[in-house]
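Q: Please go through the terms used for this model and show how each one is justified.

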Amino acid sequence: RCKNLSVSFWNSYWMLPSDVCGMNCFWEASFRYDYMKTPPSEKMHLAVVACGERLEETVTMLRSAIIFSIKPLHFHIFAEDQLHESFKDILEEFPYEGKVNYTIYPITFPSESAAEWKKLFKPCASQRLFLPLILKNVDSLLYVDTDILFLRPVDDIWSFLGKFNSTQIAAMAPEHEEPRIGWYNRFARHPYYGVTGINSGVMLMNMTRIRRKYFKNDMTPVRLQWGEILMPLLKKYKLNITWGDQDLLNIMFFHNPESLYVFPCQWNYRPDHCIYGSNCKAAEEEGIFILHGNRGVYHDDKQPTFRAVYEAIKNYSFGDDLVHSLLQPLERELQKTTHTYCGRVYKVFIKQLTESVRDLYARRSKGT
């Protein structure tokens, strides 16, 4: 599965070694937390929840995480039972180069309230709220929705954990940059974080801190721990929330704003950042770091710029030359989307991806 790659220059920019594989490529899978020999602090934990028709989308997200990441990855995949075998069959074909393993879990909710949590917003969506309680041996975790694509190493967003101050337990991006098109500040019937709320599609968590924290709330003067606060919040606000678990997180961090680290919009770039005109200035300057194709834009023709990136990563074969097999075809497709608002800024969709490929080959040329 491991191929030698060679290319000399692309636009006088790229120079790759003749052999970027270096080591034997192999696959490892795990159904136990401590399967890898690497100490827990040396690997990054990434969780995703997949239900219904989300198998392909989830696999594409995992592929994007593998391509550029440096430190070992452990995938925690929560999926409906009928998807387990499909995940295993596909993941077994991945050339992990010894740096990735995974655990597959069933979808589980507290037994006394499972029906309520299952029907909240979308099937399985609220599973993410229970990750700190299920993954008791995991210190820190990056949760992402299935419709996420990493355009730079997971290591870079993982590094935000080291930037948390003593009170911060999680990190998310704002729901909107521009209040005039914000949903929460115009329509919400419940408390929400900050000016425009937060989006939970990319959520970095220090789960040890989450499990230890006592949260202020508007239900009782007594502070409650994570496992104690979820059901009371749902009971109080279930008639007022639209976006399910994301709304509950907004309520929670409204009352505990000191506990949240907010990262910039290019770490959770969504159609709202370009369909009404470009309103993520950080992405304009540095490119998109994590692409979030919510509203199903990877699978219809409404936002061809988002779909082009998704198709490029989905169709890329591990081991192929990233310049000729990913970047160049993608740029040609993106140039066809300039009739759309997002297509007019298509260069932000490829800017960081180009940097990530260059950095990857530079690391490999140095044998790191």
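The turns below set values against definitions.

A: This is a predicted model, in which local features need pLDDT of at least 70, side-chain atom pairs count only at pLDDT 80 or more, and totals for chains, interfaces and linings use all residues. Residues are numbered from 1 along each chain as its sequence is written, and side-chain values use heavy atoms, with hydrogens and water left out.

Q: Why are the buried residues of helix 2 said to be on the same side?
A: Helices (H or I, at least four residues) and strands (E, at least two) are DSSP runs, numbered from the N terminus. Buried means under 20% relative accessible area (1.4 Å probe, protein chains only), and in helix 2 (residues 84-91) this holds for His84, Phe87, Lys88 and Leu91. They are on the same side because they cover an arc of only 95° around the axis, taken from the directions from the helix axis to the C-beta atoms.

Q: What makes strand 7 mostly covered?
A: Nine of the nine residues of strand 7 (residues 198-206) are buried.

Q: How do you know that strand 4 and strand 7 pair?
A: Pairing requires that DSSP finds at least two bridges between two strands. Strand 4 (residues 140-144) and strand 7 run antiparallel and are joined by five bridges, so they pair. In strand 7, asparagine 206 is the bridge partner of serine 140, and valine 202 that of valine 144.

Q: Why is the sheet called open?
A: Its seven strands follow the order 3-2-1-4-7-6-10, with mixed pairing. Strand 3 and strand 10 (260-262) are at the edges with a single partner strand each, so one side of each has no neighbour in the sheet.

Key
Buried < 20%, exposed > 50% of the residue type's maximum accessible area, 1.4 Å probe, protein only.
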